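Work through these exercises with the sequence and the 3D view open. Try each task before reading its solution.

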Amino acid sequence: YAASVALLESTYPDSAVLLSARGRLAGFYARTGQQVKAEAMFKEIVASQSAIGVGQPTLARVLAPYLDLLLKKGNDPAVAADFFAAAQAIVRPGVAETQAVLARELSGGSDEASRLFRQSINLNRQIERARLELARLPADEGARAPALRATIEAAQKEQVATQAQLAEYPRFRVVSNDTLSLAALQKLLRPDEVYYKMTVVGDQVYAMAITPTSARAIKIATTAKQLDGEVDSLRETISTVEDGQRMTYALDVGLARQLYVQLFQPFDAELAAAPNIIFEPDGAMLRLPPNLLLASDTGIAAYRKRAEAGGDAEFDFTGLQWLGRSHDVSTSVSARAFRDVRTAPPGSAPREYLGLGENVPVAAAGEAAATRGADDRECSLPLSAWSHPISPRELIVARDILAHGNASGAEIVTGAAFTDSNLKSREDLDQYRVIHFATHGIVTPPQRKCPAQPALLTSFGGQGSDGLLTFREIFDLKLNADLVILSACDTASKASTAATREAGLSSGGDVELDGLVRAFVAAGGRTVLASHWPVPDDYNATQRLITGLFAVPPGTSIAEALRQSQLKLMDDPATSHPFYWAAFAPIGDGSVAVIRSQPQHIAAR
C-alpha cells in the first residue's frame, strides 16, 4: 500500500486515484490496530478532497472505516466537525453524474460564467502539469524547479481570483463540490432549527443532528438494504401502479412508526427543541418525505380499532401524530447548497406568478410529435407518454390568489403555447417570483443503454422540439424565482419500475431528485417545491393544498404555509391518507416567505 501511494504521489499528485490509494492504506491501518495513523491519514484525505473540489463516489467505501473510528471517540465537538467533513466528502453516484453533465453544459456556454469556468479548468490543468513535471525532476535539477514553483504559485493565485468570481454564479455553485465546515453551518441555523444529515455508505446508514449549539452523529441500527425494503413497502401503500391504474392502499402505520423510531427517535431531544427540520436525505429516504412518519404512538391503537371495521374506516387516519403535524420539514441536497440558498438575496422579480402545464396530447399535436428522426426514437419516450396531461386547475387557483387583483402580475401558459421551444426562447422568465409547473416529470431513460435525462413533459413545438424540457435546458434558463413548484410525477424521487411503466417506459432507473432540482437552482430558483408522487384531484385535494399554500399572511415561510395547508387535509377523514397531503417537499430554504410582505406591483404604486 505504501509503495503504491509513493508511486502515485510521484506520477499523479493531487489526483482522485491518489486519494483512493491513501484511503486503502488508511483502512489497512484501521484494521491492524494503528488507529492514530489511520485517523490522521483519513483526515488528510478529506481535506485534500475538499481542496480538489471534485466529487468522487469511489471514496465512499474508502471513508467508511473513518466514520466508525470517529463514532468510537464519542461526541466531542472536534470529532463532530471531523465527522461532518467526512460525510460531505462522500458523494452519491447520482450527484456526481448530474454534476458532470451540468459541468459539460456550463463549459460549452458562451456567457461570462462559462468563460470563467473554462478558465478555471485550464488553470487546474496548468497547475497539475507543472506539479507533475516538478515531481519528476531529478534531484540535481537546478533552475527548472524554481521556475515551476513560480508557475504553480502564479496559477494558484489566479485560480483563487477566478473561483471567487465564479462563486457569484448559481450555475457554478451547483456543479462545485466545495464543502462547508460544521461551524459555518451552525452559524446559518436559527435557534428553532435542526439540520438532519443522512449518509449511506455501502450497507451502513449514518445520521447527524446539528443545531446552532450542538452536533451529534450516530450509526442507524438498520442496514441500507433493510431501509430500502421498508421505504418501498411504505410507498406501495401510498402510490403504486397495478394494471395501468394508480392505486392507494391503507397506510402501514406500524411501518411508518418503525421508520421514525429507526431514523429520528435517537434525536428526540434535538427535535423537541427545534420545530423546523432541514432534512438532507440519502439512500432510500430520497424517495420518501419524512413528514409522513409517525412521531409517537398516539392514535395508532385507536386507528387500528377503527380500521377493523374495514371499508372506508381503514382510510381514516385522523388523530395520528405525523412528524409533519408538529414540525415544518424542508429538504436540502447538501450543506453547501443550503448555505447558497439561505445567503442568497431575496428575489427582485416584479411579477408574482407564472403557471405552466397541461400539455397537448400527442393525438392532437400534429406532425411535430410524429416525425421525430429515426435516430432519436430508440432513446425517446413513446408518444403515449404525452397522452395524460395534468389538469391546470391548481395553476388557476394559484394565479387567482397571487395576482392580488392585478391580472398583469400573474400569467398561465397551457396547451399549444406550453412548449419546450417557447420556454427556451422566452427572455422574461426572470421577471416572475413564483414559477409553477403542473406536468409530468420523467427521471429515468427509456432503456438502460440510453443516457439519463431528467425532464418535464411539455407540448410539442416547432422545428427541433421534442416535447421535453430537459434538465440541461433548464440549467440554461435565466430565472429569478423565490419558489419553483414542480407538481409532477416523481420529480423528487427515484422512479419505481411501476411508475416508469406508467409513463410508457420499460425499466426503472437510478436518477433521483438531483437532476431537475439542481438544474432549477442553477437557473436561479432559490427553493423548489417538488412532488414525490402524482398529486391527486380526488376531493379537490390538490386545489385545497395549493390554496392553503398561498392563502397565508405575508411573510409566512414556505415550510410553515405548506404544513398549515397539510393540517387541514390531515384532519379531514376523506383526505387524511398521506397520499393526499404529503407529496410535496420544499427543497432549499423552507424559511423563505411564500408571499412577500408587499407585492412588488403594489409597492411600485
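The exercises below use this predicted model.

**Exercise 1. The cores**

Task: Find which residues have the most contacts inside the largest nonpolar core.

Solution:
- Start with the core itself: the largest nonpolar core has 74 residues.
- Inside it, Tyr196 and Phe550 have the most contacts.
- Now list the partners of Phe550, leaving aside neighbours within four places in sequence. They are Ala398, Ile401, Leu402, Val434, Leu483, Ile485, Val594 and Ile595.
- A separate second core has 45 residues, including Val46, Leu63, Ala80 and Ile210.

**Exercise 2. Strand E2 and its partners**

Task: Work out which way strands E1 and E2 run, and how many bridges join them.

Solution:
- Locate strand E1 at residues 193-201; seven bridges join E1 to E2, and the two run antiparallel.
- Check one position: Tyr196 stands opposite Ala209 in E2.
- Look at the connection. E1 and E2 form a hairpin with two residues between them. Gly202 in that turn has a positive phi of about 60 degrees.
- Turn to the next strand. Five bridges join E2 to strand E3 (residues 215-219), again with an antiparallel run.
- Here Met208 stands opposite Ala217 in E3. A hairpin of four residues makes the link from E2 to E3.
- Last, ask how enclosed E2 is. Six of the seven residues of E2 (204-210) are buried, so the rest of the structure largely encloses this strand.

**Exercise 3. Edges of a sheet**

Task: Decide which strands stand at the edges of the sheet that holds E11, E12 and E13.

Solution:
- Write down the order: E11-E12-E13, in an open sheet with antiparallel pairing.
- Count partners. E11 (441-442) and E13 (468-470) each have a single partner strand, so one side of each is left without a neighbour in the sheet. These two stand at the edges.
- Inspect one pairing. Two bridges join E11 to E12 (residues 455-457), and Ile442 stands opposite Ala455 in E12.

**Exercise 4. Helix H2**

Task: Compare the span of helix H2 with the expected value.

Solution:
- Helix H2 covers residues 16-31, which is 16 residues.
- From first C-alpha to last, H2 reaches 23 Å, close to the 22 Å expected at 1.5 Å a residue.
- Check burial along H2. Buried residues include Leu18, Leu19, Leu25, Ala26 and Tyr29.
- Look just past the helix. Gly33 follows H2 and has a positive phi, near 80 degrees.

**Exercise 5. Aromatic rings**

Task: Classify the aromatic pair of Tyr1 and Phe28 by the angle between its planes.

Solution:
- Note the total: the whole structure has 18 aromatic pairs.
- For Tyr1 and Phe28 the centres are 5.9 Å apart, with 45 degrees between the planes. The pair counts as tilted.
- Place the residues. Tyr1 lies in the segment before helix H1 (2-11) and Phe28 in helix H2, so the pair ties together parts that are 27 residues apart in sequence.
- Check accessibility. Tyr1 is partly exposed at 46%, and Phe28 is partly exposed at 32%.
- Then find a larger grouping. Tyr196, Tyr260, Phe264, Phe267 and Phe279 form one aromatic cluster.
- Phe279 is in strand E6 (residues 276-280). Its relative accessible area is 1%, so Phe279 is buried.
- Beyond residues up to four places away in sequence, Phe279 touches several others, among them Tyr196, Met198, Phe264 and Val329.

**Exercise 6. Salt bridges**

Task: For the salt bridge between Asp232 and Arg287, find how far apart the closest N and O atoms are.

Solution:
- The structure holds 33 salt bridges. In this one, the closest N and O atoms are 3.1 Å apart.
- Asp232 is in helix H11 (residues 224-238) and Arg287 in the loop between E6 and helix H14, 55 residues apart.
- Compare burial: Asp232 is partly exposed at 32%, whereas Arg287 is buried at 6%.
- Try a second pair. Asp316 and Arg306 meet at 3.5 Å, N to O. Asp316 lies in the loop between H14 and helix H15 (323-326) and Arg306 in H14, so the bridge ties together parts ten residues apart in sequence.
- Asp316 counts as buried at 16%, while Arg306 counts as partly exposed at 26%.

Terms used. Residues are numbered from 1 along each chain as its sequence is written. This is a predicted model: local features need pLDDT of at least 70, side-chain atom pairs count only at pLDDT 80 or more; totals for chains, interfaces and linings use all residues. Side-chain values use heavy atoms; hydrogens and water are left out. A nonpolar core is a set of buried Ala, Val, Leu, Ile, Met, Phe, Trp, Tyr and Cys residues joined through side-chain atoms within 4.5 Å. Buried means under 20% relative accessible area, exposed over 50%, partly exposed in between (1.4 Å probe, protein chains only). Contact means heavy atoms within 4.5 Å. Two strands pair if DSSP finds at least two bridges between them. The expected span of a helix is 1.5 Å times one less than its number of residues. Rings of Phe, Tyr and Trp (its six-membered ring) pair if their centres lie within 6.5 Å; planes under 30 degrees apart count as stacked, over 60 as edge-to-face and the rest as tilted. A salt bridge is a side-chain nitrogen of Lys or Arg within 4 Å of a carboxyl oxygen of Asp or Glu.
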